[in-house]
Amino acid sequence: MLDQVLNRCRPGYRASLCLLIATMMLAANCAWAWPAVAARSWPSAVIQAQALPEQPLEPLAIRPAEGGKARMFRVEVARSHEARTMGLMFRSDLDADRGMLFVFPEGSQPTMWMRNTYVPLDMLFLDAEGVVVDIAADTVPLTDTPIGSKHAARAVLELNAGTARLLGIRPGDTVVHAEFPLD
């Protein structure tokens with residue numbers, strides 16, 4: 001069929017038509033890669049325009065179970081359904097000492113994904129007392145694959161990928177934050 005179309009074209013237009021068809025085929029074949037390309041090539045202002053406005057930062061510490069120095073972070077807290085749904089989507093970067101704490105209603109079992117999330121993350125699943133019960137390390141950006149905990153969790157703390165390994169954060173460590181009352 002393509003041969004028939006090209007044969008009907010004037011000789012001067014054949015090259016242009018071939019270029020147009022090749023461009024359309026390339027665009028169709030590369031459409032699956034669009035989110036990854038957009039994350040690398042769009043100006044951060046464009047990406048930020050779609051993100052949920054940053055929430056006020058709150059102090060958070062992670063205290064090792066074996067004792068030792070607590071690690072300090074400044075986090076946004078996603079308490080509402082809207083904030084939990086958007087999370088860190090469309091953010092182009094995340095400072096090393098920053099993160100987001102997702103607080104879920106009691107009785108729910110949080111499941112996360114990386115849809116429209118350009119920054120690879122570590123996800124720390126926390127029980128009602130703020131104890132780390134599971135860690136999903138180095139999550140893959142821009143995927144809809146469900147990420148959950150093997151254990152009951154009430155909250156999820158998202159940090160830059162590799163932070164848990166770098167700081168030695170493990171299940172059993174405790175998150176100290178206003179959402180988790182100390183006894």
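**View 1. Accessible surface and overall make-up of the chain in the predicted model.** The accessible surface of the chain amounts to about 10,800 Å², and carbon and sulfur atoms account for 59% of that area. The chain has 183 residues, of which 37% count as buried, and its secondary structure consists of six helices and nine strands. When contacts between residues at least 6 apart in sequence are considered, 66% of them join residues that are at least 24 apart.

**View 2. The largest pocket and the residues that line it.** The space in the largest pocket comes to about 290 Å³, and its lining is made up of 20 residues, among which Arg-84, Thr-85, Thr-111, Met-112 and Trp-113 lie nearest the centre of the pocket. Two or more lining residues are given by each of two elements, namely helix H5 (81-86) and strand E4 (111-112). Helix H5 supplies the largest share of the lining, with four residues. By residue class, the lining of the largest pocket divides into ten nonpolar, seven polar and three charged residues.

**View 3. Pairing of strands E5 and E6 and the hairpin between them.** Strand E5, which covers residues 121-126, pairs with E6 in the antiparallel sense, and four bridges are found over this pairing. Leu-126 stands opposite Val-132, a residue of E6. Five residues lie between the two strands of this hairpin, and in the hairpin Gly-130 takes a positive phi near 90°. Strand E6 is itself mostly covered, in that four of its five residues are buried.

**View 4. Surroundings of Thr-139, in the loop that follows strand E6.** Thr-139 is located in the loop between strand E6 (132-136) and strand E7 (147-148). Although placed in a loop, Thr-139 has a relative accessible area of 7% and is therefore buried, the cut-off for that class being under 20%. If the neighbours within four places in sequence are left aside, the residues in contact with Thr-139 are Met-114, Pro-120, Leu-121, Met-123 and Ile-147. Of these contacts, Leu-121 and Met-123 fall within the range of strand E5, residues 121-126, while Ile-147 falls within the range of strand E7 (147-148). The view thus shows a loop residue with contacts to residues on the paired strand E5.

Methods
Residues numbered from 1 in each chain as written. Predicted model: local features only at pLDDT ≥ 70, side-chain atom pairs only at ≥ 80, totals over all residues. Heavy atoms only, no water. 1 Å grid on protein atoms, 1.4 Å probe; cavity = no way out; pocket = protein on both sides within 12 Å on 5 of 7 lines; lining within 4 Å. Points joined across faces, edges and corners; volume = space filled by probe spheres on them. Nonpolar A, V, L, I, M, F, W, Y, C, P; charged D, E, K, R; others polar. Buried < 20%, exposed > 50% of the residue type's maximum accessible area, 1.4 Å probe, protein only. Contact = heavy atoms within 4.5 Å. Areas by Shrake-Rupley, 256 points an atom, 1.4 Å probe, with all protein chains shown as cover. Pairing = 2+ DSSP bridges.
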